[in-house]
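Student: I have a structure open and want to go through how its chains fit together. Can we take it piece by piece?

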There are 4 protein chains.
Amino acid sequence: MNNRKMRMGMIGGGKDAFIGAVHRIAANIDGQVEFCCGALSVNPEVGRQSGKDLFLDDDRIYANYQEMIEKESQLPADKRMDFVTIVTPNFAHFAPAMMALDHGFNVVIEKPITLSLEEAKQLQEKVKETGLVLCLTHTYSGYPMVKQAKAMVKEGKLGAIRKIMVEYPQGWLSTLTEREGNAGAAWRTDPTKSGKSGCMGDIGTHAAQLAEYISGLKISKLCADLNIVVPGRGLDDDGNVLLKFDNGANGVLIASQIAAGEENALKIKVYGEKGGLEWHQMEPNTLIVKWLNEPAQIYRAGQAYLSDAAKHNTRVPGGHPEGYLEAFANIYRNFVLTIGAISQGQEPTAAMLDFPKVEDGVRGMAFIDNVVASSASDQKWFDFKI
Amino acid sequence: MNNRKMRMGMIGGGKDAFIGAVHRIAANIDGQVEFCCGALSVNPEVGRQSGKDLFLDDDRIYANYQEMIEKESQLPADKRMDFVTIVTPNFAHFAPAMMALDHGFNVVIEKPITLSLEEAKQLQEKVKETGLVLCLTHTYSGYPMVKQAKAMVKEGKLGAIRKIMVEYPQGWLSTLTEREGNAGAAWRTDPTKSGKSGCMGDIGTHAAQLAEYISGLKISKLCADLNIVVPGRGLDDDGNVLLKFDNGANGVLIASQIAAGEENALKIKVYGEKGGLEWHQMEPNTLIVKWLNEPAQIYRAGQAYLSDAAKHNTRVPGGHPEGYLEAFANIYRNFVLTIGAISQGQEPTAAMLDFPKVEDGVRGMAFIDNVVASSASDQKWFDFKI
Amino acid sequence: MNNRKMRMGMIGGGKDAFIGAVHRIAANIDGQVEFCCGALSVNPEVGRQSGKDLFLDDDRIYANYQEMIEKESQLPADKRMDFVTIVTPNFAHFAPAMMALDHGFNVVIEKPITLSLEEAKQLQEKVKETGLVLCLTHTYSGYPMVKQAKAMVKEGKLGAIRKIMVEYPQGWLSTLTEREGNAGAAWRTDPTKSGKSGCMGDIGTHAAQLAEYISGLKISKLCADLNIVVPGRGLDDDGNVLLKFDNGANGVLIASQIAAGEENALKIKVYGEKGGLEWHQMEPNTLIVKWLNEPAQIYRAGQAYLSDAAKHNTRVPGGHPEGYLEAFANIYRNFVLTIGAISQGQEPTAAMLDFPKVEDGVRGMAFIDNVVASSASDQKWFDFKI
Amino acid sequence: MNNRKMRMGMIGGGKDAFIGAVHRIAANIDGQVEFCCGALSVNPEVGRQSGKDLFLDDDRIYANYQEMIEKESQLPADKRMDFVTIVTPNFAHFAPAMMALDHGFNVVIEKPITLSLEEAKQLQEKVKETGLVLCLTHTYSGYPMVKQAKAMVKEGKLGAIRKIMVEYPQGWLSTLTEREGNAGAAWRTDPTKSGKSGCMGDIGTHAAQLAEYISGLKISKLCADLNIVVPGRGLDDDGNVLLKFDNGANGVLIASQIAAGEENALKIKVYGEKGGLEWHQMEPNTLIVKWLNEPAQIYRAGQAYLSDAAKHNTRVPGGHPEGYLEAFANIYRNFVLTIGAISQGQEPTAAMLDFPKVEDGVRGMAFIDNVVASSASDQKWFDFKI
């Protein structure tokens, strides 16, 4: 544990912003973070009121991110923020992230990392150049049973991986929600704010990251079919992708926001020579492990038989379900432990470093680029290029 | 109900043949069929002993199918078999089916219908020409909750269908079982006995038939990736297919026999404008119906609120699970009711006629042809051709 | 397997009688039984028409059970029925069973065996005296995963059994269905036809038999609370019973027919020193096995790792669900194998003899007597007396 | 929301104390509480180090609770703690709670509230006398789908309640864990620290509170069977209780800590005239609602169709699972909103006041007393007395 709380500033995430609240909860859970300042809205009045509601000191509620980064960087080291969390829509990630890094602040960014692959690569360069830490909140890789799955694959329990099926169906864009006052739907379906892809960028990237994270493999080829199912929409709201991984395994990735009646039903199945794994995000404390010629097993979060990685990312004993917010908090905790260790001149451990980084962001943007190009082409297989 | 039992002869299905026993159970369940004769094995001695074990009269245990069809056709009308069930491996379906039809017998064939599309088309011609009835045992469309799903789609409960996800993972070919004395594995992975495709022919066709059956749509384009995952195998043991249906809906079909630890995990999800359906073969008495902005519902077999089609294909009240054998028996029952009605000069009802026919067989063979061709090609989308 | 089909006669079970149809299906499934005669209804005309619909020969459709037993006993040995199945309401079990045994016929009786414990004991005497076989269709002990559970307990996999929780909630008597034309509800709630108890007699006995069957223990004490929940009903429609078993284990048995919205949700959990078992009748192909400090396991019907008893009672491979009718058929198959073996002068094996017998019937009637007496008393614990 | 963070002091909950960490997380989640001081261990050195690890100011790490309450009460109003959380073992709840109330501090107590009913009543008197707020952390009533269940019962959706089945099986005391260095097991099985009952006090009270909370009914009679299953243990580790509620409904409550292989499997089923509810703590985001003659429904946390109470106690949209810590945080949030409202001279709303209070504690202690007395008696039914 760190020797002091790490101080967090936030850009975006004012009143009624769902994901900002999630970041604050995730940062709060373990009592290792102090929320100290914010530029919480493009509307300064909303930003000010949001800051007050969140008990920020008046002089650390800023009108915009530029002001925040400038002023915080002038504060004494024992007062200024340690890192900044960026929870604006996609198009407004890049500029504040670059500025924060330039001013010496570590960064947490909501995914997808940027609007384009090019921006993501610049950010990667900047991170390298500054030596600072950038954390990308691919939440789903924060679940303890996802850690367990990764650990079991890595230990060779399943043998070589042969096939991965990952699906992420949602139903909330089954109608033109974006024209019915749903702000989240509005920017996600607007190419100028969301980027080249809608559904694949928003949730397909989570599925791809999860598949690569658990398997330790990299997508090497793909064949995509993106669809605009609801007439009048500006970006894909659905897509299916055939995959090949770098070890020759095959896969299928399905993402949809028009799967009527689905909530957030991310599921993954990974099959190897000796067995298979199955995990569902909506019942995240269970990992089903299947074997050739033996009964399948129900691995459960919080149990003593789990891997160190699973245990490190769990707070309560078995049978006390943890969920999305705890998975999110795991991303934060590991990030905060990492920057805390660095701040004390220590080397972060592998367990601390287990959170998505700028490289994941670059890969996510490349996934979007490749999927969009593949979908538009008559050629069957596309090499995954970064 | 019929005014007498229908008499069944069987070709193949002797000692230790799994699927022959299944056909006999399915035919027996409702007490509407009398098993009267058989040519149960290519090995006449095995055939004879099998017939005795199954209580056939000695003079109706035949040495081969030719003898059986010849001799039965010479028996008086009130004694000879009404239909013949063919449960030999794929390559030995066509000849006995043609001969049976030529001699005036109705036919039940285990799927896939033949070894090639060409044979299937000839059989279709022969059925048309003779006016006899051919039943193909795509068992999964016999489940009551599949009937319910079909009825709900047809009534427009889900609105226009937009997306179909169907997966059929098995794990039993994760090793080279075919070289370890598993006879079923041996012929299924042998191109001379199984045809152009292994996994897609064996189980992918079930998945395709189920998707078309429930949705009432037809696959119009596909993009396939077939794989031989276990080195040394002669036919695909795994495959993924992107689909387009004739109304513009998209889909994904996954079939695998190397999904280690899976049993027979056929699952389908169908999404429309207003809601979605989910059905799992391994828990077949439940149909989950999902709605936009309303709680999902758990439809259960045997309940009074179900469609007529679901009720017609159920034997016991809710909470008394029916399974695979009853689904199989539904195929038989409807077929037997159909030929019984015809034999009494009556018109079979739509409920009676609800079993897979030669057209399904032709479509299944075409599916195999199209999938194999698509998989071998660099072109992305293939028009589904028959 | 037997050297000929066993011939079944049936008493009761005419048109629209649910359980008669179930018995015929169960007897038919394996092709080992020939349904040869019947006295299918107290209304001779209904009985005659039912017999014709079921393809019985005219001269073996009898006006009443007396006639049937008399006339069948005069037929030559190679023609007359081997056993009689009694599927009348509870009050009409005893007389035909006694008469059948007296005339040398084996008997299958739907449970509960008789109207009173006294009758059951007389029947037990008669069975002993005649050396014939009586089978009681406690269906739930016919499921393969129940056999597996029993085998695992017996092998000591769980250590000594400490606690059993069994519940059997149904909802179909939540209203006064018996006054709305539901014949099954009418006799079940009528003390003159059903006996001392409604719900406990009808389904509580199943739960008690299942608990004793799996655990190999006997209920030694109980403390019961029977309730008439729906005003105006004549017999208990709900009840809860605290149990002690003969090894000191404790238990709870809950049975209800007013659990609104429940179908037939029999569930049992058995806990020993080392682990626990959980089985649900509505998803009967799965047995969850729980361990101290190890992941729980999912045992599945049809798998090679199961006990001989489970395999002997399964027809299809893993992943092809079997259900209630197959469980019922297992009772029949084992009974038929037993009487077949005896008829050939052979000793039935333990696997053949694994079906409920007259002793189970006596125990069931004693359970009803004890529960009813306990419920009426202010004394807490009742010794289980037979 | 409040106009400032509420300040929390903690008694107990030092290093390695599970429940103290849970309280801190629950208090932290919403950013509405500042953890300001603590007397974290009976061992002052452990207490001091724990306080430092948790970033408390040195001068607010106290040697014992007396010192803490004294000194805090002397701090200015804008600095001193607003409430104290007591997370010591049962026997050490009463004295600090009384002292805290006497010094004007609101109190949060881990359940069971005290060691005896008598103490609980005194505490109730003290709360009444001081007008302060006491919150008892019966966590399970904090889950949103439990709120939904309560709301649906209250609205009469199920009609009058007829039957309640609640079970709470755990397996962690299947061996003599208390002699193997498990501190939590040690005090829970020690009558001097835990009180009259082990299992029933520890988890049976949760089950009873949940049943009464959802149903709005009160237990009026009971018949209990408490067991010491593992030889050598000092208190019950298992128990079964028959219940009657004040409207005439019946029920069963099962609690066990020797249900080998179970984690924390609290489940409740509530049946009314028109339908039933089923909720499982280990999958808490789902509430199954069953209906007579209609398909059951799957109510899911985070959905727009839920009751206000469910929504008020949810942080993230449907499909993002919340768990035990969020349920716990709901108790805290409502308590903190209540004391915040009072501190601003406002009336707390009903939604704010929805957390367990001293009355629940008194009822819980009475439940223990009644269950223990009933179990020891030969009399069947005990009137529930407070």
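Student: Which strands join chain B to chain D, and how do they run?
Tutor: This is a predicted model. In it, strand β13 (residues 294-300) of chain B is joined to strand β13 (residues 294-300) of chain D by 3 bridges, and the two run antiparallel.

Student: What stands opposite Ile298(B) there?
Tutor: Ala296(D), in β13(D), stands opposite Ile298(B).

Student: And how many residues of chain B are in contact with chain D?
Tutor: There are 10 residues of chain B in contact with 9 residues of chain D. The side of chain B that touches chain D has 6 nonpolar, 2 polar and 2 charged residues.

Student: Back to β13(B). Which strand of its own chain does it pair with?
Tutor: β13(B) pairs with β12(B) in the antiparallel sense, over 5 bridges. One of the details is that Leu287(B) has Tyr299(B) as its bridge partner in β13(B).

Student: What sits between those two strands?
Tutor: A hairpin with 2 residues between the strands. Asn293(B) takes a positive phi near 65 degrees in that hairpin.

Student: Which strand is paired with β12 (residues 286-291) of chain B over 5 bridges, besides what we just covered?
Tutor: Strand β11 (residues 275-280) of chain B, again in the antiparallel sense. A hairpin of 5 residues joins β11(B) to β12(B). Here Trp279(B) has Leu287(B) as its bridge partner in β12(B). So Leu287(B) turns up in both pairings: with Trp279(B) and with Tyr299(B).Student: New topic. How many residues of chain B are in contact with chain A?
Tutor: 35 residues of chain B are in contact with 35 residues of chain A. Among the elements that give two or more residues to that side of chain B are β6 (161-169), β7 (219-227), β11 and β12. By class, the side of chain B that touches chain A divides into 13 nonpolar, 11 polar and 11 charged residues.

Student: Why do the copies meet through the same surface?
Tutor: Because 100% of the interface residues of chain B are also interface residues in chain A.

Student: What turn lays chain B on chain A?
Tutor: A turn of 180 degrees, with a shift of 0.0 Å along the axis, and the RMSD is 0.0 Å. That is how a two-fold axis relates copies.

Student: Which residue of chain B comes closest to the rotation axis?
Tutor: Lys380(B), whose C-alpha is at 2.1 Å from the axis.

Note on methods: Residues are numbered from 1 along each chain as its sequence is written. Chains are lettered from A and ligands numbered from 1 in the order in which they are written. This is a predicted model: local features need pLDDT of at least 70, side-chain atom pairs count only at pLDDT 80 or more; totals for chains, interfaces and linings use all residues. Copies are superposed by least squares on the C-alpha atoms of residues with pLDDT of at least 70 in both. Two residues are in contact if their C-beta atoms, placed from the backbone, lie within 7 Å. Ala, Val, Leu, Ile, Met, Phe, Trp, Tyr, Cys and Pro count as nonpolar, Asp, Glu, Lys and Arg as charged, and the others, Gly among them, as polar. Two strands pair if DSSP finds at least two bridges between them. Helices (H or I, at least four residues) and strands (E, at least two) are DSSP runs, numbered from the N terminus.
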